[in-house]
Protein chains: 2
Amino acid sequence: MQNFVELLKAHGLKSTFQRVQILEAISICGHKDIDEIYNDVVKLHPTISLATVYKNLIIMKDNGVLCEVSVSGKKSKYEIKKEDHLHLICTHCGSIEDFTLEASFDKIVNLQDFELQKKEINLYGICTKCHSQKAS
Amino acid sequence: MQNFVELLKAHGLKSTFQRVQILEAISICGHKDIDEIYNDVVKLHPTISLATVYKNLIIMKDNGVLCEVSVSGKKSKYEIKKEDHLHLICTHCGSIEDFTLEASFDKIVNLQDFELQKKEINLYGICTKCHSQKAS
DNA sequence: TTCGTACCAAATAAAAATTATCTAAAGGAA
DNA sequence: TTCCTTTAGATAATTTTTATTTGGTACGAA
Ligand SMILES: [Mn+2]
Ligand SMILES: [Mn+2]
Ligand SMILES: [Zn+2]
Ligand SMILES: [Zn+2]
């Protein structure tokens, strides 16, 4: 449980009841998709609109409060932004566990308690071509 | 350019003109989303339905012919299945480049020609909890 | 305090994306 | 070729996401 009011202000966003509730909902289990978030928040705030959750997820993502975790074949999960890390995603129950990125890749692929099926590594950035275009 | 007829049969799928065209379209540039695929195929086959492309992407993915590459904030890309590898995704032009996974992670993060912004690593598999449930 | 402005939530409405249904046609084995 | 199964295409239905409109609220300037 963090101080989400301050977190929002620190990123230049107004602190509203709805935004704080969305952040609370996410922080409970770390990673949630839009439906899980909405279902949580609507219990405390029955009149909230799903569109409001959509809008706020986008704006909080754009302002660096949240991160979107794309999951193959499913809806994206959202998490409070923190240092880069990796996700162990269970293809059976859908659980998502954070894992530190300190270890070398060799260590990562030799996970003891996790039956690894698929590795999905995406590095986002600016490619060479776009880089040279910027310069010109 | 591969023999997609055989590829499909090898995975227990019937070879149809539509499926082969979808695979051809994907193989041209490696990674394409549903709209790019449809736009390509419809040129050669004006009567193809978008629903057919949807259905075939799913069935070919489920049968191991294709892989889905989730891209944060965009539609998923599809590629012909091959060994696990990593993706350099340009946040500016959207280009996706394959990168071998041989190198250690330290090497990966020190890319020379790519301005790295975000690392997204998802490992899919069966979690400990699900594993023990299977045993019982 | 009283405006004026900016921002936001909620309620729709609208649009876009995905999936389901149904019938005719095509693929493939014998 | 014949027969059975699978698939494509057309279309409808559903689901997901975004846009619009309206009214409210916070906040600073006057
Ligand atoms: Mn995480
Ligand atoms: Mn690839
Ligand atoms: Zn599990
Ligand atoms: Zn680029």
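How far does a polar side-chain atom of T16(B) lie from a phosphate oxygen of DNA strand D? The distance is 3.0 Å. T16(B) has company here, as the table shows; a polar contact is a pair of N or O atoms within 3.5 Å, and within protein, one must be able to donate a hydrogen and the other to accept it, while residues adjacent in sequence count only if both atoms are side-chain atoms.

| Residue | Partner in DNA strand D | Distance |
|---|---|---|
| T16(B) | phosphate oxygen | 3.0 Å |
| Q18(B) | sugar or linking oxygen | 2.7 Å |
| R19(B) | phosphate oxygen | 2.9 Å |

Before going on, a word about the model. This is a predicted model, in which local features need pLDDT of at least 70 and side-chain atom pairs count only at pLDDT 80 or more, while totals for chains, interfaces and linings use all residues. Residues are numbered from 1 along each chain as its sequence is written, chains are lettered from A and ligands numbered from 1 in the order in which they are written, and side-chain values use heavy atoms, with hydrogens and water left out.

**Around the DNA**

There are 16 residues around DNA strand D, and Y54(A), T16(B), Q18(B), R19(B) and H45(B) come nearest. A residue counts as near if one of its heavy atoms lies within 4 Å of the strand. Sugar or phosphate accounts for 78% of the strand's atoms within 4 Å of the protein, and bases for the rest. By class, this surface has 5 nonpolar, 7 polar and 4 charged residues; Ala, Val, Leu, Ile, Met, Phe, Trp, Tyr, Cys and Pro count as nonpolar, Asp, Glu, Lys and Arg as charged, and the others, Gly among them, as polar.

**Helix α4(B)**

The largest share of that surface, 4 residues, comes from α4(B). Helices (H or I, at least four residues) and strands (E, at least two) are DSSP runs, numbered from the N terminus. Within α4(B), the buried residues are V53(B), N56(B), L57(B) and M60(B). Buried means under 20% relative accessible area, exposed over 50%, and partly exposed in between (1.4 Å probe, protein chains only). Seen down the helix axis, the buried residues of α4(B) fall within an arc of 105°, so they line one face; the arc is that of the directions from the axis to the C-beta atoms. Exposed K55(B) and D62(B) sit on the face turned away from the buried side.

**The manganese ion**

H31(B), E79(B), H85(B), H87(B) and D98(B) coordinate the manganese ion (ligand 2) at 2.1 to 2.3 Å. Donors are N, O and S atoms within 2.8 Å of the metal (3.2 Å for Na, K and Ca); water is not among the atoms, so sites may look incomplete. H31(B) is in the loop between α2 (17-29) and β1 (32-33) of chain B, and H85(B) in the loop between β3 (77-80) and β4 (86-90) of chain B, so the pair ties together parts 54 residues apart in sequence. H31(B) is buried, at 7% relative accessible area, and H85(B) is buried too, at 9%.
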